Amino acid sequence: MPTLSEVVKRDHARITDAYHSLIETKPEERNADEFVWALARYLIVENLALIPALEYHISGGSERQRRLSDDYDSINAKLRHMAKYDPSEESFESSLKAIWTDLEPHIREEEDGDLDELERKMEPEDSRALGKKYETLRDMLQRPYGAFGVPNAEIMDDVLGTTKKQLMEKMGNGI
């Protein structure tokens, strides 16, 4: 069973690959669904599994939790803004790059510091249990949808418009 760090890093790689694929594809051939949904799903699951673990296990975790919440709010707002544009529009690409401006350092901070520190503070079985929780939450958001696990536009708008507090209430932290 993978650790929490391993599953988070896999999601980071999936999102990074989807971003680079979008940037490298001709604007008229772009399909943003995979990137948008992978990132939206990651933001939700991070808030429900990773952030509470950081807050609980790491000294100064409350400060890191606040910074991650700020990242979530900023990236989510930019993602919602980008979703308004057709992928062939210039505004789409500038919005995509604005997301990456926030997302790349977020990923780097987690991989170069937070995740390693978290693994040092946790028992291996606890990390594997949180890794399973993370995967379970992610899979809950993946299964009901079509190609690439991407929902239709109405569901996507509802998901992206859900506040973190509403997510916590709907999904719970007890999974």
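Leaving aside neighbours within four places in sequence, which residues is Lys97 in contact with? The answer is Tyr19 and Ile23, where contact means heavy atoms within 4.5 Å. The views below start from the whole chain and come back to this lysine at the end.

This is a predicted model, in which local features need pLDDT of at least 70 and side-chain atom pairs count only at pLDDT 80 or more, while totals for chains, interfaces and linings use all residues. Residues are numbered from 1 along each chain as its sequence is written, and side-chain values use heavy atoms, with hydrogens and water left out.

**View 1. The whole chain is built from helices, with seven of them and zero strands.** Read from the N terminus, the order of elements is α-α-α-α-α-α-α. Helices (H or I, at least four residues) and strands (E, at least two) are DSSP runs, numbered from the N terminus. Of the 175 residues, 43% count as buried; buried means under 20% relative accessible area, exposed over 50%, and partly exposed in between, with a 1.4 Å probe and protein chains only. Taking contacts between residues at least 6 apart in sequence, 80% join residues at least 24 apart. The chain exposes about 9000 Å², and carbon and sulfur atoms supply 47% of that area. Accessible areas come from the Shrake-Rupley method with a 1.4 Å probe, and for residues only the protein chains shown count as cover.

**View 2. Helix H1 covers residues 4–24.** Its 21 residues should span 30 Å at 1.5 Å a residue, and the end C-alpha atoms are indeed 30 Å apart. The expected span is 1.5 Å times one less than the number of residues. If you would like to trace the buried residues of H1, look for Leu4, Ser5, Val7, Val8, Asp11, His12, Ile15, Ala18, Tyr19 and Leu22. Two of these, Asp11 and Tyr19, return in the views that follow.

**View 3. Asp11 has a salt bridge to Arg14 and another to Arg138.** A salt bridge is a side-chain nitrogen of Lys or Arg within 4 Å of a carboxyl oxygen of Asp or Glu, and by this rule the structure has six. Between Arg14 and Asp11, the closest N and O atoms are 2.4 Å apart. These two residues sit three places apart in helix H1, so about one helical turn separates them. An α-helix has 3.6 residues a turn, so residues three or four places apart point the same way. Arg14 is partly exposed, at 33% relative accessible area, whereas Asp11 counts as buried at 4%. Between Asp11 and Arg138, the closest N and O atoms are 3.4 Å apart. Asp11 lies in H1 and Arg138 in helix H5 (residues 124–142), so this bridge ties together parts that are 127 residues apart in sequence. Both Asp11 and Arg138 are buried.

**View 4. Glu93 and Arg30 meet in a salt bridge of 2.5 Å, N to O.** This pair links distant parts of the chain, with Glu93 in helix H4 (residues 90–121) and Arg30 in the loop between H1 and helix H2 (33–57), 63 residues apart. Glu93 is partly exposed, with a relative accessible area of 22%, while Arg30 counts as buried at 9%. For orientation against View 3, salt bridges that share partners join Asp11, Arg14 and Arg138 into one network.

**View 5. Tyr19, Phe35 and Trp100 form one aromatic cluster.** Rings of Phe, Tyr and Trp (its six-membered ring) pair if their centres lie within 6.5 Å; planes under 30 degrees apart count as stacked, over 60 as edge-to-face and the rest as tilted. The structure holds two such pairs. The rings of Tyr19 and Phe35 have centres 6.2 Å apart and planes at 55°, so this pair is tilted. It connects Tyr19 in helix H1 with Phe35 in helix H2, 16 residues apart. Tyr19 is buried at 7% relative accessible area, and Phe35 is buried at 1%. The rings of Tyr19 and Trp100 have centres 4.3 Å apart and planes at 10°, so this pair is stacked. Tyr19 lies in H1 and Trp100 in helix H4, so the pair ties together parts that are 81 residues apart in sequence. Trp100 is buried too, at 11%.

**View 6. Lys97 lies in helix H4.** Lys97 is partly exposed, with a relative accessible area of 40%. Its C-alpha atom is 9.8 Å from that of Met82, and the two residues are 15 apart in sequence.
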